[in-house]
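Here are my notes on the model you sent over. Keep the structure open while you read, and follow along point by point.

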There are 2 protein chains.
Amino acid sequence: MTFIPRRGVFACMAGFMIPANSQNGPRHGLQGKVTMHPGQRGALAQILLEAAAVVGRAPGCEIYIVGISEAEPDDVWVTEVWRSEVDHDRSLTMEGIPSIIAKARPLIAGGAEAVRTIPLGGKGLTS
Amino acid sequence: MTFIPRRGVFACMAGFMIPANSQNGPRHGLQGKVTMHPGQRGALAQILLEAAAVVGRAPGCEIYIVGISEAEPDDVWVTEVWRSEVDHDRSLTMEGIPSIIAKARPLIAGGAEAVRTIPLGGKGLTS
């Protein structure tokens with residue numbers, strides 16, 4: 001059985017070489033959209049900005065941006081880029097994050113979507 | 001007729017005060033997905049990384065990241081954050097950008113979607 005490094009698999013998928021950013025394989029990106037109960041968007045956005053202040057200090061967090069959309073008055077967008085998926089997973093148990101998640105949960109109407117991406121490069125990445 | 005500052009309108013929409021980032025009103029965010037002809041994703045991603053190197057130097061460009069998704073083998077994602085929509089619009093005529101757009105166009109299968117957002121804050125913004 002031949003060992004194929006994880007980075008190599010993704011490089012093949014992309015059809016070209018993915019720029020190295022760490023020894024952890026490809027970056028991990030998430031574009032999430034959370035749908036709130038009517039009138040709760042502002043409250044959730046504030047909670048997610050609190051979360052950003054915490055996870056923004058986590059090892060491997062390159063981007064964590066909270067946004068809204070004019071077109072969708074009950075939705076909040078979160079755009080994340082991590083050095084690796086492992087770094088992202090570790091951040092979920094950081095001090096303060098479980099309580100922030102518990103505070104946000106009642107405001108959410110049930111809908112949450114996330115697109116997983118592999119960020120390849122560009123402006124705004126830190127490593 | 002009462003003059004309402006543009007920033008004030010968006011602050012009201014969000015249900016709370018949007019952090020100031022410039023005198024130009026709210027930030028401008030785009031989450032775009034472009035669907036390529038089969039096998040062309042790698043080529044387009046390379047072209048968009050070239051674009052990132054140019055527009056990343058544009059005034060007001062905070063984030064311009066090119067990514068792919070495991071789930072969608074013909075799609076390329078672009079995540080942009082600008083200080084203002086005006087800064088974004090100006091970037092489209094920067095030297096080198098029209099020729100990059102012309103190079104990319106034949107690779108695109110026709111599908112392109114973009115969600116406009118108003119980034120409120122978080123990790124990775126520069127101003």
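The points below go from the ground rules to the barrel, then to the contact between the chains and the salt bridges.

1. Ground rules. This is a predicted model, in which local features need pLDDT of at least 70 and side-chain atom pairs count only at pLDDT 80 or more, while totals for chains, interfaces and linings use all residues. Residues are numbered from 1 along each chain as its sequence is written, chains are lettered from A and ligands numbered from 1 in the order in which they are written, and side-chain values use heavy atoms, with hydrogens and water left out.

2. The barrel. Start with the eight strands that form a closed barrel, in the order β1(A)-β3(A)-β2(A)-β4(B)-β1(B)-β3(B)-β2(B)-β4(A), with antiparallel pairing. From one strand to the next, the twist averages 35°. Helices (H or I, at least four residues) and strands (E, at least two) are DSSP runs, numbered from the N terminus, and two strands pair if DSSP finds at least two bridges between them. In general, strands of a sheet pair through backbone hydrogen bonds.

3. Two pairings to look up. Within chain B, β1 (residues 28-36) and β4 (residues 108-123) run antiparallel and share seven bridges; there, V34(B) sits opposite A112(B). Across the chains, β2(A) and β4(B) are joined by five bridges, also antiparallel, and Y64(A) has K123(B) as its bridge partner.

4. A helix on top of strands from both chains. Helix α2 (residues 41-55) of chain A lies across β1, β2 and β3 of chain A together with β4 of chain B, at about 170° to β2(A). Angles run from 0 to 180 degrees between N-to-C directions, with axes fitted to C-alpha atoms, for helices over the stretch in contact; contact means heavy atoms within 4.5 Å.

5. Where the chains meet. 36 residues of chain A are in contact with 36 residues of chain B. The buried area (accessible area, 1.4 Å probe, lost on being put together, summed over both parts) is about 3200 Å², and carbon and sulfur atoms give 62% of it.

6. Salt bridges. How many salt bridges are there between chain A and chain B? The count is zero, although the whole structure has twelve over all chains. The term means a side-chain nitrogen of Lys or Arg within 4 Å of a carboxyl oxygen of Asp or Glu. Try finding K33(A) and D75(A), whose side chains meet in one at 3.6 Å, N to O. This pair links strand β1 to strand β3 of chain A, 42 residues apart.

Terms used
Buried area is the accessible area (1.4 Å probe) that two parts lose on being put together, summed over both.
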